[in-house]
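Here are some short exercises to work through at your own pace. Try each task before you read its solution.

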Amino acid sequence: MIRLGAILWLSFAVIAGVGLFQVKYEVQALEEKLTSLHRQILSDQKAIHVLRAEWSYLNEPARLTELSRRHLDMAPVTAAHLARFEDLPEPLPIPPLAPDFVPRTSDAPGNAPGSTPGDARRPDETPAASAAILASTRIAPKTGLRIAQ
Amino acid sequence: MTSLVARSTPCNPRHADPRPPRRNDVVHLDGDTKRALEIGRTRLLLAAALFAVAFSVVGMRLIGVTLLQEGGEPSLADVPQQTMRTERADIIDRNGVLLATNLETASLYANPRQVLDAEEAARRIVEVLPEVDHADLVARLSSDRSFIWIKRNLTPRQQYEVNRLGIPGLHFQKEERRVYPQGALTAHVVGFSDIDNRGLAGIELSFNDVLRGGQEPLQLSLDLRIQHILHEELSQAITDFDGIGGAGIVLDTRTGEVLAMVSLPDFDPNAPGSATADARFNRATLGLYEMGSTFKIFNTAMALESGTARLDSTYDASKPIRIGGFTIHDFHGEDRRLTVPEVFIYSSNIGSAKMAEEVGPQAQKAFMKRLGMLRAAGIELPEVGEPMYPAPWRPINMMTISYGHGIAVSPLHVVSAVSAMVNGGVMRPATLIERAPHEVSVGDRVISADTSAIMRRLLRLVVEEGTGSFAKAPGYLVGGKTGTAEKLSGGNYNKNARVASFVGAFPMNDPRYVVLAMIDEPKPNATSYGYATGGWVAAPAVGRLVQRMATLVGMPPVDEKQEADPQGDLLIAVNATDQTHAAE
């Protein structure tokens, strides 16, 4: 009986000891990992710092100006390119859709995305009416305004 | 235990004896044996009690320490926390663009005693670092010393190349170096520091302790984009008119923040040692100039504010004023009586002097003092010029100061004061540090809101009809005043050495920004029909700057022809002029 208790306690002790070492080694491994992560963070911070400096250097306005002059066909925005929403002409009311109008999906046979827009036109709409709508959407150039997005 | 009862094992409860132990089952002991047992029992009890107390103390302490004292477990293991630290904090602009930072560099040194073959080592080092002198390096590597510098501040690539050589006896020393990625663009504002990371000029000097003390970046009020535009337009004007230098400032009138400050010529702060003294000189804050006609803004505001003049007051500008052997002429002579708006837009020296005369020298001096013209500008730069003004302030000085001669101030003085003239009359100290809305200085009222409103109209009039017409920027209602002053050389004014300036604000119906451009010693040329005045030299630069920066800061343009509101406001002054024309 005493032997049984002793065996029990001994096995407890062994399990606890093994468990303790296990946890200790685990913690050690984790700590090593943590230290290396900290080192990694530090070196990343340094790298970011250097990259930030380089980014700032490469974005020097004079350099960008020169690059855009050489490679882009763009001009500075002037007041003529800007308009306010209240300066835009009143949009034309959108005519209600005809009750029988069913928009065709682009994957329907014979109606690929590149096909003529006339396919999707309302049945009762004449070419002249569509031209008028097109013209009305092109108001901006008429008043000399362009909308800068 | 005395009751030595053979109990059945608890493992076999079925065979357990259910009866309690009976008296005749119990062995009784007597005599010596019993006493000995009793003693042993007492001692055991005592020891047990002691141990029980000891263990309960330990247990309670354990509970106290583990459960009660420090609540949970530490969330992080105790590993030394490291974050990157630099010797000096960064400097950034208002949008967070890096203006100055510290970079870690490696400096290469050698221990010649450890170098095996000096000749071979030197040959291979020079292959990687061609700027190192071969013969010199061989000599030094062969010496008997234990430390020689080979090259300071290597680039990361160079360091890698040297490392790859694998020569024994070469070592790297980590150092930090101040780097200015934007180069010359912000040189005069940011300044520069020495190899030991001590600030020597500009913000680097005035905020040296702050920058060395913390890691938080210092945010300036500068906007690098506007700085670039100002730099470009000013350089253009200097090139066009062959000037020797120039200065430009853009100021937010509502907060006093300086959005751009340029002084030309400039220098590369990464190599300040190679810059000339002239390039390092900050013309915008340290340079003192007689600003000329831009002072008529303050003169007019003073006359209107003190009540000695009204918009329809007239002054005879047909004859030059002779005072103390000195004659005051008009540059654009109109030879008749002029109203206040006419004195202003035709920039009449005679009219201005007469307006100042009514106010008197003492009041003029007091007004100039309130505008901060008599002390160094209170900006966060060590390079500020102490204005030069006459003492005593005699009537002749009063007359010349009315049109900006006989008093020398920095361009920053003029910008701050003009800001107060147009923003409703509140003088705020100019600052280079970004201000949150609640940090904006309340300022001192120097003129009334009504006078300020009149000044806005007058300034707009100068651009619409007067000398500043080249400052027009379609859509942005620029107003301003030109100034052209001859420079003093050897006690006399030199007709061929001028300072041409334009100081303006926009949009004039509700000014947000004050802009100054000043060109030092512009030379007239064919495109300006032989003029080198503020209107021809500086005003176009401001006009171009306004067009470019207004879209950047998201200012909606107004249609000058159709917008009734601002134009209506501004028209009153024109009407006053027209009435005078009609009366004559």
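**Exercise 1.** Which pattern does chain A follow, read along the sequence?

*Solution.* Before starting, note that this is a predicted model, in which local features need pLDDT of at least 70 and side-chain atom pairs count only at pLDDT 80 or more, while totals for chains, interfaces and linings use all residues. Residues are numbered from 1 along each chain as its sequence is written, and chains are lettered from A and ligands numbered from 1 in the order in which they are written. Now step along the sequence: chain A reads α-α-α-α. The tally agrees, with four helices and zero strands in chain A. Helices (H or I, at least four residues) and strands (E, at least two) are DSSP runs, numbered from the N terminus.

**Exercise 2.** Find where in chain A the confidence is highest and where it is lowest.

*Solution.* Start with the overall score: chain A has an average pLDDT (the predictor's confidence in each residue, from 0 to 100) of 73, and 68% of its residues score at least 70. Next, go helix by helix: α1 (residues 2–58) of chain A is highest at 91, and α4 (residues 139–142) of chain A is lowest, at a mean of 38. Finally, mark residues 108–149 of chain A, where the pLDDT is below 50. Where pLDDT is low, the predicted coordinates should not be read in detail.

**Exercise 3.** Work out which parts of chain A supply the side that touches chain B.

*Solution.* First count the residues in the contact: 23 come from chain A and 27 from chain B. Two residues are in contact if their C-beta atoms, placed from the backbone, lie within 7 Å. Then look for the contributors: α1 and α2 (61–71) of chain A each supply at least two residues of this side. The largest share, 13 residues, comes from α1(A). Lastly, sort the side of chain A by class: twelve residues are nonpolar, six polar and five charged. Here Ala, Val, Leu, Ile, Met, Phe, Trp, Tyr, Cys and Pro count as nonpolar, Asp, Glu, Lys and Arg as charged, and the others, Gly among them, as polar.

**Exercise 4.** Is B:Ala247 buried or exposed?

*Solution.* Begin by locating B:Ala247, which is in strand β6 (residues 245–252) of chain B. A residue is buried if 20 or more other C-beta atoms lie within 10 Å of its own, exposed if 12 or fewer, and partly exposed in between, with C-beta atoms placed from the backbone. B:Ala247 has 29 C-beta neighbours inside 10 Å, so it counts as buried. Leaving out residues up to four places away in sequence, B:Ala247 touches several residues, including B:Val262, B:Arg283, B:Pro411 and B:Met518. For the wider setting, 44% of the 584 residues of chain B count as buried, while buried residues make up 1% of the 149 residues in chain A.

**Exercise 5.** How many of the eight residues of helix α14 (residues 395–402) of chain B are buried, and what covers them?

*Solution.* Six of the eight are buried, so α14(B) is mostly covered. They are B:Asn397, B:Met398, B:Met399, B:Thr400, B:Ile401 and B:Ser402. Now look at what covers these residues: the cover includes α10 (295–306), β9 (321–323), β10 (326–328), α12 (349–359) and α13 (361–370) of chain B. Just after the helix, α14(B) is followed by B:Gly404, whose phi is positive, near 85°.
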